[in-house]
Amino acid sequence: MEAASFVTFGQYLRPNFYFLLLIFLQNGPPIVEGVWPLPQTFTSSIERYPLSPEAFYFEYGSQSAAQQGCSVLDGAFMRYFPLLFPDYTGNGVLRLYGDKPFHLVVTVDRDDCESYPHEDSSERYNLSVSARQASLNAETVWGALRGLETFSQLVYQDDFGSYFVNKTDIADFPRFQFRGILLDTSRHYLPVQTILQTLDAMAYSKFNVFHWHIVDDPSFPYQSRTYPDLSSKGAFHPMTHIYTQSDVRRVISHARLWGIRVLPEFDSPGHTKSWGKGQSDLLTPCYKGSSLSGTFGPVNPILPSTYQFMATLFKEVSLVFPDSHIHLGGDEVNFSCWSSNPDVRAFMKKMGFGVDFTKLEAFYMENIVNITSALNKTAIVWQDVFDYHERIPKDTVLHIWKGNPASYKAELSRMTKAGMKVLLAAPWYINHISYGQDWREYYNVQPLDFPGTEEQKKLVIGGEVCMWGEYVDATNLTPRLWPRASAAAERLWSDEKQTSSVDKAFPRFQDFRCKLVRRGIRAEPLYVGHCKHEYQGR
Ligand SMILES: *[C@@H]1O[C@H](CO)[C@@H](O)[C@H](O)[C@H]1NC(C)=O
């Protein structure tokens, strides 16, 4: 409700009054510390060092397990150079007179350069900036990536365009292991380029999971090797609106280079209308009275052929996507078609389910979870599956998407009490928009603020920002996502106590948003104001 009252102030007071009010609320002038999300421990001083693009070197420490040739770090050095020196157009060969070299020395404990980030990967790093040298130490290359991002946010330019970095010491690690963004590529197709740009922007906020809600009712853009008809008949267009195997590989390898996991979702038994176009007998035929109505409902859970199809499809998916987790959906199953179908009703009777269709749904989900666990993948499912059926494998991750704070807190309590791992998405449905600063609500979410023991709290593995695609395509994705998603990013990365004030965060958030704009991301403004470097794109 706080955000709502802010909107009212914003509408009726003149902007300069509003700012005075804001400063008053903050008890003093804003301190802009330019790192978002806020590092766990951060000390900086007013001692500043000039940096020159002509004399700046990324370097592997002599003790580093990874050395030159490390794909993740070599790639990161290439990407961060222009982010550190956005005005620089030279080729780095010319040496300006008097420039003293500055070395950023990166040391990692493990050579995990060719691996994929996974759910237990350490992202911890220490960064120490002093005269002529910065040292960045991390256990893994993924931690080094997070540290490079932080370093890039410490560098600033004065009014003459010269680059500086202040003396700084940072020891940092994420509060939650899973910090995700969901993109929906079924309701609208998102070009691969758009997904890759989103991955870049995710890394700027230290997000580490791309949840790819790749198919749904409206379209099936994933081009399957084993079932090519799924996309040739189920996509919006069989050639232009699909993700080929090489598109998917591009997304996964781009994500890897930023330390981002790609979590695919193949949602069933509901949300599958598009699947039915390319795979006959997969969906349940609905009846009107005693005759077929010609329409189809959720996946048909009573046929052995359904499970053979799913086993084959998920075998492919488990090979294409290297992540240890697969999202199986399981949300919003409409029971009216199942209950209209006499064969389904006969099956229910045979199984002793009575007229409780949640039992049928649970039966289906149990089979699908067993299929994926036989493929060595851990399942993530939407909360509906647990709500209907508490008896699911203990390692399944439950994804909360429903309700207001009171109801998702009760759900957090119930699920963790049952010993289940939980992901929180409900408060971060960022596709919803409203006038004013709704990011404040996203920022104020407290994922562990629910009744439960310390052990229960440890089961909350993180959270996710969801961008459902009904009203979103490549034209408006970026300004809707950024910087609002970054509010959740700080909540999921930073220390709870140090980030308890949304007003204190505001100037730093404005500064971060300008950094996104400087990097070519069309991040929308938070409120009245300006960036030193305004958006220059077309
Ligand atoms: C960096 O140093 C400059 C001047 O030396 C100072 O004005 C500024 O506040 C410092 N920034 C931080 C984050 O300490």
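**Exercise 1. Is Arg484 buried or exposed?** Work out its setting in this predicted model, then describe its helix and its partners.

*Solution.*

Step 1. Begin by locating the residue: Arg484 belongs to helix H18, which covers residues 484-493.

Step 2. Next, take its accessibility. Arg484 has a relative accessibility of 2%, and because buried means under 20%, it counts as buried.

Step 3. Now widen the view to the helix. H18 is largely enclosed by the rest of the structure, because 10 of its 10 residues are buried. Among them are the charged residues Arg484, Glu490 and Arg491.

Step 4. Look at what surrounds the side chain. Setting aside residues up to four places away in sequence, Arg484 touches Ile430, His432, Ile433, Asp438, Trp439, Tyr442 and Glu524. With one of these, Tyr442, Arg484 makes a side-chain to side-chain polar contact of 3.1 Å.

**Exercise 2. Which peptide bonds next to Pro37 and Pro483 are cis?** Place each proline in the fold as well.

*Solution.*

Step 1. Take the bond between Trp36 and Pro37: this peptide bond is cis, with omega about -5 degrees. Pro37 sits in the loop that runs between helix H2 (15-25) and strand E1.

Step 2. Turn to the bond from Trp482 to Pro483, which is also cis, with omega near 0 degrees. Pro483 is in the loop between helix H17 (477-481) and H18, the helix that holds Arg484.

**Exercise 3. What is the sign of phi at Arg132 and at Lys206?** Then set out how accessible each residue is.

*Solution.*

Step 1. Read the backbone angles. Arg132 has phi near 70 degrees, a positive value in a residue other than glycine. Lys206 has phi near 65 degrees, again a positive value in a residue other than glycine.

Step 2. Find the loops. Arg132 lies between strand E4 (125-130) and strand E5 (133-138). Lys206 lies between helix H5 (192-204) and strand E9 (209-213).

Step 3. Check the accessibility. Arg132, at 45% relative accessibility, is partly exposed, whereas Lys206, with a relative accessible area of 0%, is buried.

**Exercise 4. What is Leu282 in contact with, beyond its neighbours within four places in sequence?** Use the answer to link parts of the chain.

*Solution.*

Step 1. Locate the residue in the loop between helix H8 (273-278) and strand E11 (283-288). At 2% relative accessibility, Leu282 is buried.

Step 2. List its partners: Leu282 is in contact with Trp275, Val299, Asn300, Thr306, Phe309 and Met310.

Step 3. Pick out one of these pairs. Leu282 and Met310 are 28 residues apart in sequence, and their C-alpha atoms are 9.6 Å apart in space.

**Exercise 5. Where does the side chain of Thr372 find a backbone oxygen?** Describe its surroundings too.

*Solution.*

Step 1. Place Thr372 in helix H12, residues 357-374. Its relative accessibility is 0%, so Thr372 counts as buried.

Step 2. Follow the polar atom of its side chain, which lies 3.0 Å from the backbone oxygen of Val369. As a reminder, residues three or four places apart in an α-helix point the same way, because there are 3.6 residues a turn.

Step 3. Add the partners from elsewhere in the chain. Leaving out residues up to four places away in sequence, Thr372 touches Phe314, Ile326, Leu328, Lys377 and Ala379.

**Exercise 6. Which elements each supply at least two residues of the lining of the largest pocket, and which residues are around the ligand?** Treat the pocket before the ligand.

*Solution.*

Step 1. Describe the pocket. The largest pocket holds about 1200 Å³ of space and is lined by 41 residues. Val155, Tyr156, Asp511, Cys514 and Lys515 lie nearest its centre.

Step 2. Name the elements: E1 (41-51), H3 (71-84), H4 (141-154), E6 (156-157), E7 (163-172) and H19 (502-518). H19 gives the largest share, seven residues.

Step 3. Sort the lining by class, which gives 20 nonpolar, 12 polar and nine charged residues.

Step 4. Move to the ligand, which has Ser44, Ser45, Ile46, Arg48, Tyr156 and Asn166 around it. Tyr156 is also among the residues nearest the centre of the largest pocket.

Step 5. Finish with the distances to ligand oxygen atoms. A side-chain N or O atom of Ser44 is 3.1 Å from one, a polar backbone atom of Ser45 is 3.4 Å from one, and a polar backbone atom of Ile46 is 2.5 Å from one.

Methods:
Residues are numbered from 1 along each chain as its sequence is written. This is a predicted model: local features need pLDDT of at least 70, side-chain atom pairs count only at pLDDT 80 or more; totals for chains, interfaces and linings use all residues. Side-chain values use heavy atoms; hydrogens and water are left out. On a 1 Å grid over the protein atoms alone, a cavity is a set of points where a 1.4 Å probe fits but cannot get out, and a pocket is an open set with protein on both sides within 12 Å along at least five of seven lines; lining residues have an atom within 4 Å of a point. Grid points are joined across faces, edges and corners, and a volume is the space filled by probe spheres set on the points. Helices (H or I, at least four residues) and strands (E, at least two) are DSSP runs, numbered from the N terminus. Buried means under 20% relative accessible area, exposed over 50%, partly exposed in between (1.4 Å probe, protein chains only). Contact means heavy atoms within 4.5 Å. A residue is near a molecule or strand if one of its heavy atoms lies within 4 Å of it. A polar contact is a pair of N or O atoms within 3.5 Å; within protein, one must be able to donate a hydrogen and the other to accept it, and residues adjacent in sequence count only if both atoms are side-chain atoms.
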